[in-house]
Amino acid sequence: MKLKKMLLTGAVSLMALAGLLGNLGHSQVERTVSAEDEGSVYYLNFKPEVEDVWNKIAEDYTAETGVPVKVVTAASGNYESTLKAEITKADAPTLFQINGPIGYLNWKDYTKDLKDTEIYAHLVNKELAVTEGEGVYGIPYVVEGYGIIYNDAILQKYIALDGAKIASIDEINNFDKLKEVAEDMQARKDELGIEGAFASTSLAPGEDWRWQTHLANLPIFYEYRDKDVKDLDEVEFTYAENFKNIFDLYINNSTVGPEVLTGKSVTDSMAEFALEKAAFVQNGNWAWSQIAEVSGNKVLEENIKFLPIYTGVEGEEKQSISVGTENFFSINSQASEADQKATEDFLAWLFTSDKGKHYVTEELGFIAPFDTFTDEDAPKDPLALEVSRYMSNTDLYNIDWNFTSFPSQAFKDFFGQALGQYASGSMEWEDVKEAFITSWADEKAMTGN
């Protein structure tokens with residue numbers, strides 16, 4: 001699927017000095033007022049894995065424009081609590097992230113209406129934005145995809161073994177076949193030179209988002225699809241057994257035993273994959289930088305691929321990976337007008353200038369949803385290319401990112417804790433299922449979302 005190219009016409013009229021701070025359309029982010037009048041930018045970053053890149057962006061922008069840009073990165077799993085602590089300070093973030101409509105409801109008192117900004121004008125699909133009434137309060141800045149990442153070199157080595165369960169990767173198009181292959185690989189791990197079929201399932205608190213959010217999205221996607229809805233105050237967790245199918249496969253065919261997974265981090269699992277201790281790991285296209293930067297990484301770019309997350313749902317042979325976004329920029333409406341304007345200009349520079357776009361595609365690895373990016377601007381890293389490949393396959397249906405409708409972070413954390421207890425053998429699956437259903441309803445009722 002290629003991003004549509006849009007042609008924007010019109011000219012920006014000259015404005016009097018008193019109106020300069022309200023100028024909303026200038027593709028080169030020209031500045032004709034003093035640095036003091038321009039204000040400053042404070043971005044609260046969501047993803048620790050790209051902290052260094054954001055710091056470089058800030059330094060470059062300040063060097064070019066003279067506008068101060070500060071970047072603070074929240075610890076993994078602590079973005080909401082960090083934002084809550086920072087937003088009330090005198091020097092509060094001017095740019096922050098909300099995770100969709102639910103996030104907007106939590107932060108609506110601090111979200112500026114962005115409908116007249118240049119960055120919104122360049123958004124290809126405006127239906128992706130977070131809106132209320134005529135206002136626009138969150139602008140998606142990246143399209144991402146996640147699934148089961150695999151090392152094709154290890155899979156080809158497996159296929160060459162006598163008695164391999166497949167002759168081609170293409171045969172893995174449902175849960176039963178994935179299970180058959182993964183369990184056989186686990187049994188023959190010594191022949192393959194690996195420690196497990198799957199990298200360890202990170203269930204340490206704050207490290208469990210791949211399961212309590214991304215994996216949990218699969219059963220919710222199918223339940224929403226069955227009921228033709230986009231949100232529910234109460235769920236039945238209809239596809240709980242399908243979640244259990246894949247979760248059990250992960251934890252029972254791993255580099256380590258299930259009983260130690262509550263001590264494992266995302267970094268641990270990505271390092272295991274990078275060092276070829278495992279053939280599979282569930283994660284998104286953002287993981288390429290984590291893999292490539294591991295000291296001693298053995299995985300070549302041409303060998304890193306995606307499989308959909310199969311769980312045993314009928315018809316899943318036509319299922320794709322999950323492509324969407326939970327990343328929406330919001331500008332702090334409580335910040336000074338100068339700081340709000342400086343933040344708008346910063347975003348316009350990032351997504352329209354050649355230098356900014358280079359950072360977006362080459363260093364952040366974003367698939368950007370703006371018309372200022374052409375096919376030539378698309379990221380070239382292997383997982384981003386895999387996302388593009390799946391997006392262009394119209395024979396497959398996408399797994400939408402419905403976790404933006406999850407009740408709260410508290411719900412996700414509670415579910416993650418229950419998964420940890422299940423993995424360690426201290427909770428039965430039926431209790432995990434009940435915890436999911438009850439916590440969902442309680443949190444929805446509590447937050448009014």
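**Exercise 1. Strand β3 and its partner.** Determine which strand pairs with β3 in this predicted model, and establish how the two faces of β3 are placed.

*Solution.* Begin with the pairing: strand β3 is joined by 4 bridges to strand β11, which covers residues 328–331, and the two strands run antiparallel. Within this pair, I98 stands opposite F328 of β11. Next, recall that side chains in a regular strand alternate between the two faces of the sheet. In β3, which spans residues 95–98, L95 and Q97 lie on one side while F96 and I98 lie on the other, and these residues are all buried, leaving both faces of the strand covered.

**Exercise 2. The surroundings of helix α12.** Identify the buried residues of α12 and the elements against which they pack.

*Solution.* Helix α12 takes in residues 266–274, and its buried positions are V266, S269, M270, E272, F273 and A274. As a second step, follow these buried residues outward: they pack against the strands β6 (144–151), β8 (278–284) and β9 (304–307), and against the helices α9 (209–215) and α13. The contact with α13 can then be examined from the other side, since Q290 is found in that helix, which covers residues 287–292. Setting aside residues up to four places away in sequence, Q290 touches V266 and M270, together with E49 and N283. Q290 has a relative accessible area of 18%, and because the cut-off for buried is under 20%, Q290 counts as buried. Finally, look just past α12, where the helix is followed by E276, a residue with a positive phi near 60°.

**Exercise 3. The setting of W440.** Decide whether W440 is buried or exposed, and list its contacts beyond its neighbours in sequence.

*Solution.* First place the residue: W440 belongs to helix α18, residues 429–447. Its relative accessibility is 0%, so W440 counts as buried. Once neighbours within four places in sequence are left aside, W440 is in contact with I220, Y224, D231, L232, D233, E234 and V235, and also with S405, F406, P407 and F411. A separate comparison concerns A410, which is 30 residues from W440 in sequence, with a C-alpha to C-alpha separation of 9.6 Å in space.

**Exercise 4. Aromatic rings and lysines.** Classify the ring pair F221 and Y222, and state which lysines lie over the faces of W286 and Y42.

*Solution.* The structure holds 41 aromatic pairs. For F221 and Y222, the ring centres are 5.0 Å apart and the planes meet at 75°, so this pair is edge-to-face. Both F221 and Y222 are buried. Turning to the lysines, K47 lies over the face of W286, at 4.3 Å from the ring centre, and K70 lies over the face of Y42, at 4.1 Å from the ring centre.

**Exercise 5. The chain as a whole.** Assess how compact the protein chain is, and where confidence in the model is low.

*Solution.* The chain contains 18 helices and 11 strands. Its radius of gyration is 23 Å, close to the 22 Å given by the globule rule for 449 residues, so the chain is as compact as a globular protein of that length. Buried residues account for 55% of the 449 residues. For confidence, the mean pLDDT of the chain is 90, and 91% of the residues reach 70 or more. Over residues 1–36, however, the pLDDT is below 50, although this stretch has 52 contacts in the model beyond near neighbours in sequence.

Definitions and conventions: Residues are numbered from 1 along each chain as its sequence is written. This is a predicted model: local features need pLDDT of at least 70, side-chain atom pairs count only at pLDDT 80 or more; totals for chains, interfaces and linings use all residues. Side-chain values use heavy atoms; hydrogens and water are left out. Buried means under 20% relative accessible area, exposed over 50%, partly exposed in between (1.4 Å probe, protein chains only). Contact means heavy atoms within 4.5 Å. pLDDT is the predictor's confidence in each residue, from 0 to 100. Rings of Phe, Tyr and Trp (its six-membered ring) pair if their centres lie within 6.5 Å; planes under 30 degrees apart count as stacked, over 60 as edge-to-face and the rest as tilted. A charge sits over a ring if NZ of Lys or CZ of Arg is within 6 Å of the ring centre and within 35 degrees of the ring normal. Two strands pair if DSSP finds at least two bridges between them. The radius of gyration is taken over C-alpha atoms; the globule rule is 2.2 Å times the number of residues to the power 0.38.
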